[in-house]
Amino acid sequence: MYFDVASTAPLHPVARQALTAALDEGWADPARLYRSGRQARMLLDAARETVAGVLGCRADEISFTASGTQAVQLGVLGALHGNRRRGRHLVHSAVEHSSVLHTAERHRAAGGEVTAVPVDRLGRVDPEAFAAALRPDTALAVLQSANHEVGTVQPVAETAARCGDVPLLVDAAQSAGRVDVPAGWSLLTASAHKWGGPAGVGVLAVRKGVRYASPLPADEREGGRVPGFVNVPAIVAAAASLRAVRAEAERENARLHRLVERIRARVPQLVPEVEVVGDPVRRLPHLVTFSCLYVDGEVLLGELDRAGFAVSSGSSCTSSTLTPSHVLAAMGVLTEGNVRVSLPFGTEEADVERFLAVLPEVVAGVRAPLGLDLAPPAGAGESSDGTLTVDALGKRCPLPVIELAKRIGEVPVGGTVAVLADDEAARLDVPAWCAMRGQEYLGEAPAAGYGGDRGSAYLVRRVS
C-alpha cells in the first residue's frame with residue numbers, strides 16, 4: 001500500500017489522459033503565431049484559467065515553474081527584490097519547507113536579516129507572535145498553509161490580517177487541490193505532483209499590485225517571472241488533474257478524515273510508548289504522524305516496506321542527513337522513530353486496518369534487539385550527590401534515550417539521572433522523552449562535571 005502522497009501522489013488518471021492528448025496538440029512554441037503555436041497557446045491559456053479558478057485568483061497572476069521548490073525560491077527572492085527599498089528583513093515560521101529555509105539562508109548570506117517564528121507543540125504558529133516579529137523594514141513574510149510533516153493547518157487568514165502592508169507568501173504545496181486556499185495571501189506557491197499532476201510543474205501566483213522583481217536575468221516567458229520554454233503538455237495535465245482532484249476532495253476529505261482519526265486513536269492503543277504529533281483538530285484530512293520511542297525511524301520504515309507499506313519519516317539520524325527534522329525539533333517532540341502516513345484518494349478502511357494490524361508487530365520487532373528488557377549494562381555509576389550517571393557517549397540516537405528509559409527506575413522518585421551523550425539529537429530527544437513520560441527535564445550541563453570527556457550531560461528528575 002502506498003501511504004506517502006505527501007511526498008508525491010500517483011499520476012491521476014485525468015492527468016494521464018490530458019498529458020497524452022496534449023503531447024499531440026500542445027508540443028509547439030506557444031509564443032509563435034502559426035497554427036500549431038496558436039494551438040499550444042490556447043491549451044496553455046486554458047490551463048492557466050483552470051488553475052487560477054481553483055486557487056481563487058486571476059489567470060494573469062499565475063506563472064508556471066519547473067517545480068514547487070523553484071516556485072518558492074522565485075517567490076521569496078522576487079518579493080524580497082521587489083520590496084528592497086522597504087528593507088531586507090524576512091520573517092517565516094520555524095516549520096517551513098526546506099526550500100524556504102535554504103532560500104532564507106541565501107538571503108542572510110547576502111546581508112539580509114531573517115527571523116524564524118517559533119511554533120507550539122502542535123506545530124502551529126501564533127498569529128500574534130508572528131505579527132510581533134514584523135518590523136518596519138520587513139520586506140516579506142512566509143507561512144505555509146499546512147505542514148508537510150505533521151499536517152497541522154496554519155492560521156493563515158488570521159495571520160495575514162495582522163501583517164498590514166507586509167506581503168505574505170503562502171506555500172500551499174500540501175493543501176492545494178485538497179482543501180480551500182486560505183485568504184489573505186499576496187504570493188502563493190504549489191506543486192503539481194503533490195495533487196496527482198506530473199512532476200516538473202510548479203505554480204507561482206503573484207497578486208496584482210504586489211511588488212515583485214525577478215531575481216533572474218530577464219525573459220519574456222511567464223510574465224517575466226520564470227525563464228525558459230514552458231512544458232505545455234505537463235501544464236495541461238497538471239491543470240486537468242487539479243480540477244479533478246478538487247472536485248473529488250468534496251467527497252473524499254470526510255472519508256479520509258475518519259480513517260486518519262482511526263489511526264490517531266488506535267496507534268497509541270496498539271503500540272506502547274508512542275506519541276501522535278500535530279494538531280488533532282486543525283489538520284489536513286489525509287495525513288497523520290506519530291513517533292515511537294526507542295526506535296530508529298530508518299529501520300522502522302524499512303520493516304514497514306517489507307510488510308508492504310510505503311510510508312515516510314521525519315526522523316533524525318537517517319543515513320541521508322544525520323540531522324533531526326527541523327519541524328519536529330521546532331515542535332519540541334520526539335525526533336526518533338517518526339512515521340508519517342498520508343493516504344491517497346481511494347484508500348479503503350480495510351487498507352488502514354491491515355496497517356494497524358501489522359504495525360505493532362513491526363515496531364516490536366525493531367525494538368526487540370535493543371535489549372529493553374535486559375539487565376542494565378555495566379559502566380554507569382552514581383555521583384557523590386546521588387545522581388545516577390548513564391554513559392551513552394559514542395552512541396547514536398535513539399540509544400541515549402533507550403539507556404535513560406532502562407535506568408531511570410534505579411533512582412527513587414525525586415532522584416536525578418544524568419545522561420552523557422555526544423549525539424546532537426539527544427538535545428532534542430531527551431526533553432521530548434520527558435514530556436511523553438511525565439518526567440522532569442532539568443536542563444543540560446557540561447559532561448565533564450559527570451565524568452565525561454566530551455558531549456553534554458542531560459539531567460532528568462524522576463517524577464513517577
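At what angle do the axes of helix α8 and helix α10 cross? The answer is roughly 135 degrees, with the axes coming within 10 Å. Keep in mind as you look around that this is a predicted model.

**Helix packing**

In that pair, α8 covers residues 297-306 and α10 covers residues 349-367. Angles over 145 degrees count as roughly antiparallel and those from 65 to 115 as roughly perpendicular, with oblique left for the rest, so α8 is oblique to α10. The crossing of α8 past α10 is right-handed.

Helix α10 has another packing partner to look at: α7, which spans residues 232-270. Here the axes sit 10 Å apart and the angle is about 15 degrees. Because angles under 35 degrees count as roughly parallel, α7 is described as roughly parallel to α10. This crossing is right-handed too: α7 passes α10 in that sense.

Here are the two pairs side by side.

| Helix pair | Angle between axes | Axis separation |
|---|---|---|
| α8 (297-306) and α10 (349-367) | roughly 135 degrees | within 10 Å |
| α7 (232-270) and α10 | about 15 degrees | 10 Å |

**The sheets**

Now for the strands. One open sheet has seven of them, in the order β1-β7-β6-β5-β4-β2-β3, and the pairing is mixed. At the edges you'll find β1 and β3 (113-117); each has a single partner strand, so one side of each is left without a neighbour in the sheet. From one strand to the next, the twist averages 20 degrees.

Further in, strand β5 (residues 168-171) runs parallel to strand β6 (residues 187-191), and three bridges join them. If you want a spot to zoom in on, aspartate 171 stands opposite threonine 189 in β6.

There's also an open sheet of three strands, ordered β8-β9-β10, and this one is paired in the antiparallel sense. Its edge strands are β8 (274-277) and β10 (338-342), each pairing on one side only. Ignoring direction, neighbouring strands in this sheet are turned by 25 degrees against each other on average. Between β8 and strand β9 (residues 287-292) there are four bridges, again antiparallel. Glutamate 275 faces serine 291 of β9 across that pairing.

**A pocket and a cavity**

The second largest pocket has a volume of about 290 Å³. It's lined by 17 residues, and the closest to its centre are Arg41, Leu44, Arg48, Glu222 and Gly223. Two elements, α2 (35-55) and β1 (62-65), each give two or more residues to the lining. The largest share comes from α2, with five residues. So what classes of residue make up the lining of this pocket? There are nine charged, six nonpolar and two polar residues.

As for closed spaces, a search of the whole structure turns up one cavity of 30 Å³ or more. The largest cavity has a volume of about 40 Å³. Its lining consists of Val5, Ala6, Ala173, Gln174, Ala176, Arg178, Lys194 and His286. By class, that breaks down into four nonpolar, two polar and two charged residues.

**Two backbone oddities**

Most residues other than glycine have a negative phi, and most peptide bonds are trans. Two places here are worth a look with that in mind.

One is glutamate 222, where phi is near 45 degrees, a positive value in a residue other than glycine. Glutamate 222 belongs to the loop between β7 (202-206) and α7. You've met this residue already: Glu222 is among those closest to the centre of the second largest pocket.

The other is the bond between cysteine 397 and proline 398, which is a cis peptide bond with omega of about 15 degrees. Proline 398 is in the loop between β12 (388-391) and α11 (399-407).

How values were computed
Residues numbered from 1 in each chain as written. Predicted model: local features only at pLDDT ≥ 70, side-chain atom pairs only at ≥ 80, totals over all residues. Heavy atoms only, no water. 1 Å grid on protein atoms, 1.4 Å probe; cavity = no way out; pocket = protein on both sides within 12 Å on 5 of 7 lines; lining within 4 Å. Points joined across faces, edges and corners; volume = space filled by probe spheres on them. Nonpolar A, V, L, I, M, F, W, Y, C, P; charged D, E, K, R; others polar. Pairing = 2+ DSSP bridges. Axes fitted to C-alpha atoms, helices over the stretch in contact; angles between N-to-C directions. Left-handed = near helix turned anticlockwise from the far one by under 90°.
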